[in-house]
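Please find below some notes on this model, set out as numbered points. They take up the cysteines, then the ligand site, then the nonpolar cores.

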Amino acid sequence: MDTLIVVKDLKKNYGDLEAVKGITLSIPRGKIFGFLGPNGAGKTTSLKIFVGLLRATSGEVYIDGLLASKNKKKLNYMLGLIPQDLVFWDDLTVEENLQFVGEMYNVPKEKRREIINSLLKEISLEDKRKTLAKNLSGGLKRRLNIIMGLVHDPEIIVADEPTPGLDPHSRALVWDFLRDLTRVKKKTVILTTHFMEEADRLSDQIAIMDHGELLVVDTPENLRNSIGEGDLIELQFNEDIFVEKAAIILEEVKDGIGILDICPFGMMLQIRCLNAPSRLTEILNILTNIEGLEVVDMKIRKATLEDVFLHLTGRALRE
Ligand code: ATP
């Protein structure tokens, strides 16, 4: 693996709050590296330190062999930030906004024109180039925000929650755009998200964070497989107390009916099982032995990154 970024025991405190509690990881060149975690996990804080917008309390970040805190000016040109908040000038047109950031980065005129044209095309904003930014729809503003950080043609693109509020069509377009940055343009993309589907579909590697800690780093596939084989059956009952009771009774018979794992999560009982659809009737029959129990909701599905998070922390990603 060609490593581009090395993070060593990175910590950030805001007063008494330990927002990042000592993360160590390597980010490969030319791939999409996703940070997945719930609100407040410390993703944005970590990213801001990577791009030099925040000073770490301790620890080190090396980018392409350079100590980030000592090489800010040089790294400024290597890094492009797609911030969570919309950052552009409302009273400039789309094109004027892009020209302006290009000038700020001293991109030569001809190259600037070329890059702006290609970015507008790739993010499908060509026909809006003369529109004032304030008059764009919410989704188009988000697209403008994405390309604002790329006019200086950075090698590393840091995207902090790039798709909130986008409709499925725009989200798919942005996902394709981000994918092409690595696959066609050979850039490196670092992404934060709390949408597990976004992390799963886009990332070559995912770091799952929670409460300032790095829980695990791996490919989406390995993470999903880490839960184990089989499908998940999820059952909800008429009353909470039945979750525990059902877990106990199924635990006694699980080996005989292909159940691999039983996990109570709040109001829900999750059962990992081989050949789940064919086992369901048998499982429900066993549960009818519990007096008063009624199944009020039921699902059978494949494991997702949401389950990985649930199994690591005992909590849902979006609680
Ligand atoms: P989100 O998805 O909501 O952006 P996140 O994983 O990016 O979450 P951070 O924004 O890094 O999380 O926040 C981590 C913790 O640090 C949170 O508890 C947050 O309230 C706190 N925090 C972030 N910025 C500051 C700040 N400038 N001053 C004080 N506390 C902060």
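1. A search of the whole structure, which is a predicted model, finds 0 disulfides. A disulfide is a covalent bond between the sulfur atoms of two cysteines, and the search accepts a pair of cysteine sulfur atoms within 2.5 Å. For Cys263 the closest cysteine sulfur is that of Cys273, and because the two sulfurs are 13 Å apart, they are too far from each other for a bond. Taken from the other side, the closest cysteine sulfur to that of Cys273 belongs to Cys263, again at 13 Å and too far for a bond.

2. Are these two cysteines buried or exposed? Cys263 has 15% relative accessibility and therefore counts as buried, the cut-off being under 20%. Cys273, at 0% relative accessibility, counts as buried as well.

3. Turning to the ligand, I note that 13 residues surround it, and that the closest are Gly40, Gly42, Lys43, Thr44 and Thr45. One of these, Lys43, places a polar side-chain atom 2.9 Å from an oxygen atom of the ligand. A polar backbone atom of Ala41 lies 3.0 Å from an oxygen atom of the ligand, while an N or O atom in the side chain of Tyr14 is 3.4 Å from a nitrogen atom of the ligand.

4. The ligand exposes 630 Å² when taken alone, and the protein buries 60% of that area. Which elements give two or more residues to the shell around the ligand? They are strand E2 (17–28) and helix H1 (43–50), and H1 contributes the largest share of that shell, with 3 residues.

5. The largest nonpolar core has 34 residues, and those with the most contacts inside it are Leu98, Leu144, Ile147, Phe177 and Leu178. At least two residues of this core come from each of helix H3 (94–104), helix H4 (109–122), helix H5 (138–148), strand E7 (156–160), helix H6 (168–183) and strand E8 (188–193). The most is given by H6, which supplies 6 residues.

6. Within this picture Ile147 deserves a separate entry: when residues up to four places away in sequence are not counted, Ile147 touches Leu98, Leu119, Leu120, Ile123, Leu125 and Phe177. Apart from the largest core lies another core, of 26 residues, and among them are Ile23, Ile27, Ile49 and Phe50.

Note on methods: Residues are numbered from 1 along each chain as its sequence is written. This is a predicted model: local features need pLDDT of at least 70, side-chain atom pairs count only at pLDDT 80 or more; totals for chains, interfaces and linings use all residues. Side-chain values use heavy atoms; hydrogens and water are left out. A nonpolar core is a set of buried Ala, Val, Leu, Ile, Met, Phe, Trp, Tyr and Cys residues joined through side-chain atoms within 4.5 Å. Buried means under 20% relative accessible area, exposed over 50%, partly exposed in between (1.4 Å probe, protein chains only). Helices (H or I, at least four residues) and strands (E, at least two) are DSSP runs, numbered from the N terminus. Contact means heavy atoms within 4.5 Å. A residue is near a molecule or strand if one of its heavy atoms lies within 4 Å of it. A polar contact is a pair of N or O atoms within 3.5 Å; within protein, one must be able to donate a hydrogen and the other to accept it, and residues adjacent in sequence count only if both atoms are side-chain atoms. Accessible areas come from the Shrake-Rupley method with a 1.4 Å probe; for residues, only the protein chains shown count as cover.
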